[in-house]
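Q: Hi! I've just opened this model and would like to go through it with you. Could you keep the answers plain?

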Amino acid sequence: MESKRVCALGLMAKAPFAGEVKTRLVPPLTPAEAAALNVCFLRDMAANINSLSQTEASTGLVVYTPAGSESAFDGVVPEGFKLLAQRGAHLGERLCNATEDLLKQGYYGVCLINSDSPTLPTSVLIRAIQSLATDGDRVVLGAAEDGGYYLIGLKHAHRNLFNEIAWSTSDVLARTKQRAAEIELPVELLPTWYDVDDAETLNRLCQELFFTSSVRGAYPAPHTRAFLESIIKREGPQRICPDLAS
């Protein structure tokens with residue numbers, strides 16, 4: 001692979017240890033179930049990314065934390081997926097440093113993607129790659145419904161984009177667009193999607209996987225679907241998918 005002609009697609013991820021990931025899903029899930037669901041998210045999103053290597057000039061990797069937890073991803077992501085340790089005191093620093101680290105490896109562009117959107121359409125990832133492949137500098141942003149972003153794509157590590165941002169608030173996307181305007185960096189917005197991080201969005205995920213995924217063009221997320229289906233078959237939908245019980 002010649003990195004210069006390839007876009008890096010990095011999943012921002014924590015090692016899936018029980019009690020340390022998806023804690024806002026406890027309840028309705030137990031800590032062990034939340035960690036297992038997180039593994040399913042990683043498997044599905046990595047498989048989605050990996051499928052693009054057949055048609056797009058891209059490669060997948062996991063940008064992980066904490067340092068030393070590399071073995072936690074064994075058997076979770078596809079063969080050939082690379083690992084890159086996160087660096088930085090807060091999310092903005094970690095995003096900027098990861099972008100900088102990957103660009104230094106020779107990739108023409110970098111997309112950093114959250115690991116909480118297992119049904120993110122493949123078409124959205126293709127659009128991000130193709131946008132970065134065109135001439136001219138820009139930032140590609142995948143708008144999340146909670147006011148943040150699920151993806152940021154860059155050709156240069158513009159540190160100003162990550163300064164003075166109140167992370168994990170509903171202002172993240174708006175502030176990032178404001179920072180881009182201040183440095184005259186064009187913004188391309190991808191279709192809005194959602195993160196699965198609490199009981200409400202878990203319920204929504206169930207609705208999407210079991211009823212509407214084909215309508216919305218969502219990725220089918222087979223690992224996630226099988227895990228949730230196993231809970232529903234064992235005890236019914238009331239705990240994790242109350243809308244399915246009504």
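Q: Let's start with α2: how many residues does it have, and how far does it reach from its first C-alpha to its last?
A: Happy to help. First, a word on the source: this is a predicted model, where local features need pLDDT of at least 70, side-chain atom pairs count only at pLDDT 80 or more, and totals for chains, interfaces and linings use all residues. Residues are numbered from 1 along each chain as its sequence is written, and side-chain values use heavy atoms, with hydrogens and water left out. As for α2, it has 14 residues and reaches 20 Å, close to the 20 Å expected at 1.5 Å a residue. The expected span is 1.5 Å times one less than the number of residues, and helices (H or I, at least four residues) and strands (E, at least two) are DSSP runs numbered from the N terminus.

Q: Which residues of α2 are buried?
A: Gly 92, Leu 95, Cys 96, Asn 97, Ala 98, Thr 99, Asp 101, Leu 102 and Leu 103. Buried means under 20% relative accessible area, exposed means over 50%, and partly exposed is in between (1.4 Å probe, protein chains only).

Q: And what covers them?
A: The cover for the buried residues of α2 includes β1, β2 (58-65), β3 (82-85), β4 and β6.

Q: There's an Asp in that list. What does Asp 101 contact?
A: Leaving aside neighbours within four places in sequence, Asp 101 is in contact with Leu 84 and Arg 87, contact being heavy atoms within 4.5 Å. Asp 101 counts as buried because its relative accessibility is 16%.

Q: What follows the helix?
A: α2 is followed by Gly 106, which has a positive phi near 110°.

Q: New topic, cysteines. How many disulfides are there?
A: The count comes to one, taking a disulfide as a pair of cysteine sulfur atoms within 2.5 Å. Cys 206 is joined to Cys 241, with S to S at 2.2 Å. This pair links distant parts of the chain, 35 residues apart: Cys 206 sits in helix α5, and Cys 241 in the loop between α6 (222-235) and α7 (242-245).

Q: Are those two buried or exposed?
A: Cys 206 is buried at a relative accessible area of 0%, and Cys 241 is buried with a value of 0%.

Q: What about Cys 7: which cysteine sulfur is nearest?
A: That of Cys 111, 4.2 Å away, and Cys 7 is in no disulfide. Cys 7 is buried, with a relative accessible area of 0%. Cys 111 is in no disulfide either, its nearest cysteine sulfur being that of Cys 7, and Cys 111 counts as buried at 1% relative accessibility.

Q: Let's look for empty space. How much lies in the largest pocket?
A: About 1200 Å³. On a 1 Å grid over the protein atoms alone, a pocket is an open set of points with protein on both sides within 12 Å along at least five of seven lines, while a cavity is a set where a 1.4 Å probe fits but cannot get out; lining residues have an atom within 4 Å of a point. Grid points are joined across faces, edges and corners, and the volume is the space filled by probe spheres set on them.

Q: Which residues are closest to the centre of the largest pocket?
A: Of the 36 lining residues, they are Leu 91, Asn 114, Asp 116, Ser 168 and Asp 195. The lining divides into 14 nonpolar, ten polar and twelve charged residues. Here Ala, Val, Leu, Ile, Met, Phe, Trp, Tyr, Cys and Pro count as nonpolar, Asp, Glu, Lys and Arg as charged, and the others, Gly among them, as polar.

Q: Which elements supply at least two residues each?
A: β1 (7-14), α2 (91-104), β4 (109-114), β6 (149-154) and α5 (199-216).

Q: How many cavities of 30 Å³ or more turn up?
A: One, from a search of the whole structure. The largest cavity has a volume of about 40 Å³, and its lining includes Met 45, Asn 48 and Ile 49. Helix α1 (residues 31-51) gives the most to that lining, with three residues.

Q: Last one: what does Leu 209 touch?
A: Not counting residues up to four places away in sequence, Leu 209 touches Thr 119, Pro 220, Ala 221, Thr 224, Arg 225 and Leu 228. Leu 209 is found in helix α5 and is buried, with a relative accessible area of 5%.
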